[in-house]
Structure formats: C-alpha cells, structure tokens
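Here are some worked exercises for you to try with the model open in your viewer. Take each task on its own first, then follow the solution step by step.

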Amino acid sequence: MANYEEIFKKVVSHCKEYGFIFQSSEIYDGLAAAYDYGPNGVELKNNIKDYWWKSMVNMNENIVGLDSAIFMHPKTWKASGHIDAFNDPLIDNKDSKKRYRADVLIEDYISKIEAKIEKDCVKAAKRFGDEFNKNEFTSTNGRVLERKKQINSINEILITSLSSGDLERVKSLIEELDIKCPISGTNNWTDVRQFNLMFKTQVGATAEGATDLYLRPETAQGIFVNFLNVQKTSRMKLPFGIAQVGKAFRNEIVARQFIFRMREFEQMEMQFFVRPGEEIKWYNYWRKSRINWHKSLGIAEEKYRFHDHENLAHYANAATDIEFRFPFGFKELEGIHSRTDFDLKAHQEYSGKKIKYFDPEINDSYVPYVVETSLGLDRMFLTILADSFKEEILDSGDTRIFLKIPHILAPIKVAILPLTKKDGMPEKARKIMQSLQLKFNCQYEEKDSIGKRYRRHDAIGTPFCITIDHVTLEDNTVTLRNRDTMIQERVSLNKMEEIISENLNISKYLQIKA
Ligand code: ATP
C-alpha cells in the first residue's frame with residue numbers, strides 16, 4: 001500500500017505542476033474539497049465528457065440530451081426524498097476533534113480484513129507455486145473462511161442498523177470492533193448523528209420574502225421533472241433515455257482523497273425510461289454496456305469490479321457500483337440503479353400533475369420505470385490520471401515520467417516542434433500547425449532543446465510530437481515521435497496526418513467488446 005500511496009502523492013503533485021488541477025482559492029490557502037481544473041485539466045475533462053456524450057447520445061437513437069438548471073423548486077427535494085433521507089451518519093473523535101462517516105470507519109475496518117485475506121493468498125501462492133488455485137483456497141482455507149465470516153457478520157449489522165436508523169447500534173459496533181481514530185489513536189467517540197448533505201441557500205432580496213433553495217445533490221431530478229417536456233418534444237417512444245452532464249453539490253462530511261470526494265463535482269447521468277416489469281432486463285443491459293464503455297478505453301480489466309448492493313437505497317430495486325482500483329483501494333466510480341417508478345410517482349404526487357406515458361403498443365398509460373447510469377466526471381478524471389501515470393527508467397539511467405492517457409482523451413494531441421528557431425523552420429512549422437489545428441488540438445513550441453520538449457509533452461500525455469527540420473523544408477517529411485514507444489519515424493506530411501487521424505478515430509475505440 002505504501003507504494004500506492006507514494007504514487008498517489010506523485011500524481012497529485014504532477015497534476016499541479018503540469019496545469020491539470022489546482023486547489024480552489026489557493027492564494028487564500030485553499031478551500032477544502034473544491035478544485036479548479038487548469039489548462040490541461042479542462043481539455044482532459046472536456047474530452048472525457050465528449051467521449052461519454054458521443055457514446056451515450058450520438059450512438060443511441062433513443063437517447064437525447066438535456067441541460068437543466070442547478071436550482072430547482074424546493075418541493076423537488078421533498079418529493080425525491082433528499083430532505084428526509086439524504087443523510088450520512090457522522091461521528092466525532094473527542095480527543096482529535098476529527099469528524100468521520102461512521103459507516104466509512106466500519107467499511108475501512110472491513111477493507112483491512114480483506115487485505116489480510118489477500119496477504120493469505122499471496123503467502124499460499126508462494127507455498128503452492130503453480131498448483132495454487134485462488135478460488136479453491138479462499139473457499140476452503142480455515143483462516144480465510146473465519147475472516148470472511150467476520151466480514152459478513154459486520155456487514156449484516158451495519159446494513160440492518162443503517163436501514164432501520166439504529167444509530168446506537170452503529171456506535172456500539174464501532175466500539176465492539178475497537179476502531180480507533182487514526183489521528184488521536186483513541187476510541188473516545190461521540191454518539192452517531194445523521195447529517196443532511198444538501199447545501200441550502202436563499203433566493204430573494206429580503207429575509208421575509210426569501211425562499212429556501214438547495215443546490216442540487218444529483219443531476220437526475222432535473223431529468224425526472226422534464227420527462228414529459230422531453231418525451232413530447234422529441235417524440236420519443238419507450239424505452240428511451242435522457243442524458244445530462246452537470247454540476248452537483250454535496251456537503252460531504254469527510255472530503256479527502258483529492259478529487260475523489262468533493263463538495264462540488266460533476267456527474268454524467270443517463271436516465272433510461274422503460275415499461276414496468278422490464279426494468280431488470282434493462283438494468284442488466286446497462287450494467288454490461290457501461291463496463292464495456294470503461295473497457296473501451298483500454299485500461300486493464302482487472303482494475304474494475306462490480307459491487308452489487310445488498311443495502312438498497314429507498315428508491316431502488318437493484319443496484320450495482322462499477323468500482324475502480326484507485327491508489328487507495330477499490331472504490332465506486334459509477335453507479336447503475338434500477339430506480340423503479342419512485343421518482344416519477346413522487347413528482348406526480350407533489351406537483352399534482354400527471355406524469356404518465358401512453359404506450360401505443362399495449363394501448364395503456366403508465367408511470368415509466370427508470371434505470372439510471374451515473375458516472376462521476378471527476379472520478380473518471382482521477383481514474384485516467386492514476387492509471388496513466390508512468391515512471392520509466394531509460395537505458396541512459398534517466399527517469400522518464402509520462403502520462404499514458406488514451407490518445408482520444410489526451411489534452412493535446414499533437415506537439416509541433418521546429419528543431420531550431422532559424423532557417424525557416426518556425427515558418428514551416430507554423431504552416432503545418434495551421435493545417436492541423438482545427439482537426440486536432442495542437443501546441444506549437446520552439447523553446448528549449450528537442451529532448452526537453454519531448455519530456456514536457458510526455459508529462460502531459462501528448463501522444464504525438466512532430467519535429468520539423470532541414471529535411472522537412474526540402475521534401476515535406478517530418479519526424480513523428482510516439483509517446484509510448486518513443487519510436488521516431490520519418491513520414492510525409494500526408495502520412496503523418498493519416499496516422500494521427502487513424503489513432504484518434506472514435507469508432508475504433510467504441511467498437512465495444514461483447
Ligand atoms: P459514495 O458512496 O462514494 O459517497 P454515492 O453512492 O453517494 O458515492 P451516487 O449518489 O451514486 O454516489 O453518485 C453517482 C456518482 O457520482 C458516483 O458514482 C461518483 O462517481 C460521483 N460522486 C458522488 N459523490 C461524489 C463526490 N462527493 N465527489 C466526486 N464525485 C462524486
């Protein structure tokens with residue numbers, strides 16, 4: 001783990017050094033859990049959004065987009081259950097005065113037991129060599145079974161006490177497990193309390209006339225309240241989906257781990273409306289489709305796993321998380337939820353307006369069921385950065401740091417580098433730049449040695465560098481350098497453009513594996 005922590009620290013400082021992410025309001029010593037995306041960060045973020053949007057909206061005839069307001073009528077949140085039930089259980093350590101999410105303290109305890117099981121496996125694998133069968137070992141070894149039993153029993157108590165709102169039991173579980181505060185090292189805990197995660201604000205100039213508003217904690221409700229508007233104006237027939245990318249706000253109790261848990265973040269959500277009774281079929285469809293989307297970016301498959309929920313949210317009848325192995329362990333990246341007709345029915349009730357769909361195939365009207373896919377844009381950003389950060393020792397003994405970002409997502413696609421600042425090379429390079437810059441995001445650079453410029457572009461993940469030299473002036477060929485292999489090849493300008501276009505061809509990426 002120490003190694004992962006070290007890599008994570010390097011990724012965080014790399015993000016700042018190379019203009020990906022800055023702490024918000026840094027000159028005032030920063031604001032916790034808020035971040036700004038710098039020049040390279042905003043490009044990467046936009047590329048992720050674009051990749052998601054194209055695969056979701058452009059590739060599916062029955063999915064359309066929406067951009068709803070962050071402010072919504074306050075009744076929205078009563079109907080959605082967020083005012084009454086969007087709570088996290090918090091607990092304070094009386095000695096360190098640090099605040100924690102009680103459920104996360106217990107989940108971290110479980111992760112430690114899981115890590116012990118992993119260690120048992122590593123040891124056994126060494127002992128048994130080629131004979132080792134992990135599945136068999138974890139289902140028969142006495143010590144592993146004992147650990148699994150302990151995990152199950154803790155999980156069961158946690159789930160039942162949280163769903164019944166029995167916060168005393170959550171606290172006594174923390175005490176029974178003798179969980180200590182990592183800062184003070186003591187188990188001197190306060191009682192567990194519920195804490196609502198929505199940010200409240202006011203609209204209106206005078207205190208008397210003011211109305212309480214909330215900053216939306218999810219983009220989904222903007223989709224639900226617009227169901228009829230969108231369905232009618234786009235003449236959609238069920239099943240169909242509405243997709244939206246936008247900011248969401250949560251007053252997270254503990255906001256740590258960089259952009260993994262922020263108080264202001266972005267979501268890429270799609271709500272898919274289906275006929276009642278067909279939701280589980282569609283839930284399975286989207287479960288598969290979404291993992292394939294992640295795989296299409298070429299990140300190692302073993303870094304993803306599903307975590308099916310046992311403790312279902314008040315609105316769901318099936319739910320899973322796609323988890324990614326971040327440097328701090330497997331954590332939720334995307335949620336896929338079968339939300340039943342909970343939201344539309346609730347809005348129907350609170351607004352007094354009918355929200356029904358007339359289904360011509362069965363000649364009947366009903367409130368549609370919904371399957372949601374909800375991906376955190378910032379978590380996706382962290383996934384890409386954490387996965388792509390590479391340190392490589394070269395034959396020369398030097399260390400090369402490069403970001404192996406999937407080409408299609410790279411902030412800059414092509415660096416255009418005249419070998420020297422004279423002999424007409426900059427002029428030629430500028431011409432090449434002009435011919436490419438509307439097709440790919442290019443950057444022109446003539447300062448420093450060519451080696452240094454290559455390194456700078458490695459560090460921000462630029463997949464291609466083009467060098468313009470004396471020969472270019474004679475025969476229109478350039479040196480094309482590949483970020484990952486560092487191979488340089490001499491190619492004509494036409495060929496260069498062909499190679500780059502082919503590499504950035506989105507349809508190549510989205511040929512989703514079955
Ligand atoms: P967690 O259990 O980590 O708090 P959640 O289950 O509350 O997440 P959802 O309500 O399912 O999250 O939100 C959908 C997605 O939005 C998550 O999968 C995640 O990628 C993203 N997300 C949620 N909360 C945050 C946050 N505080 N900062 C960044 N991204 C977030």
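**Exercise 1.** In which helix is the place of Ser55? Find its burial and its side-chain partner too.

*Solution.* Before starting, note that this is a predicted model, where local features need pLDDT of at least 70, side-chain atom pairs count only at pLDDT 80 or more, and totals for chains, interfaces and linings use all residues. Residues are numbered from 1 along each chain as its sequence is written, and side-chain values use heavy atoms, with hydrogens and water left out.

- Step 1: Ser55 belongs to helix H2; helices (H or I, at least four residues) and strands (E, at least two) are DSSP runs, numbered from the N terminus.
- Step 2: Ser55 has 10% relative accessibility, so it counts as buried (under 20% relative accessible area, with exposed over 50% and partly exposed in between; 1.4 Å probe, protein chains only).
- Step 3: The side chain of Ser55 makes a polar contact of 2.9 Å with that of Trp293. Such a contact is a pair of N or O atoms within 3.5 Å; within protein, one must be able to donate a hydrogen and the other to accept it, and residues adjacent in sequence count only if both atoms are side-chain atoms.

**Exercise 2.** Describe the geometry of the ring pair Tyr51 and Tyr509, having first placed it among the aromatic pairs.

*Solution.*

- Step 1: Searching the whole structure gives 23 aromatic pairs. Rings of Phe, Tyr and Trp (its six-membered ring) pair if their centres lie within 6.5 Å; planes under 30 degrees apart count as stacked, over 60 as edge-to-face and the rest as tilted.
- Step 2: One of these pairs is Tyr35 and Phe258, with centres 5.2 Å apart and planes at 80°, so it is edge-to-face. Tyr35 lies in strand E2 and Phe258 in the loop between strand E9 and E10, 223 residues apart. Both residues are buried.
- Step 3: For Tyr51 and Tyr509, the ring centres are 6.3 Å apart and the planes meet at 85°, so this pair is edge-to-face. Tyr51 in helix H2 and Tyr509 in helix H18 are 458 residues apart.
- Step 4: Tyr51 is buried at 3% relative accessible area, and Tyr509 is buried at 13%.
- Step 5: Tyr35 and Phe258 also belong to one aromatic cluster, with members including Phe8, Phe260 and Tyr304.

**Exercise 3.** Which residues come nearest to the ligand, and which strand gives the most to the shell around it?

*Solution.*

- Step 1: The ligand has 16 residues around it, of which Glu252, Arg261, Met262, Glu332 and Leu333 come nearest (a residue is near if one of its heavy atoms lies within 4 Å).
- Step 2: Strands E10, E13 and E16 each supply at least two shell residues, and E13 gives the most, with 5.
- Step 3: The shell divides into 4 nonpolar, 5 polar and 7 charged residues. Here Ala, Val, Leu, Ile, Met, Phe, Trp, Tyr, Cys and Pro count as nonpolar, Asp, Glu, Lys and Arg as charged, and the others, Gly among them, as polar.
- Step 4: A ligand oxygen atom is 2.7 Å from a side-chain N or O atom of Glu332, and a ligand oxygen atom is 3.0 Å from one of Arg250. A backbone N or O atom of Phe260 is 3.3 Å from a ligand nitrogen atom.
- Step 5: The protein covers 86% of the 590 Å² of accessible area that the ligand has on its own (Shrake-Rupley method, 1.4 Å probe).
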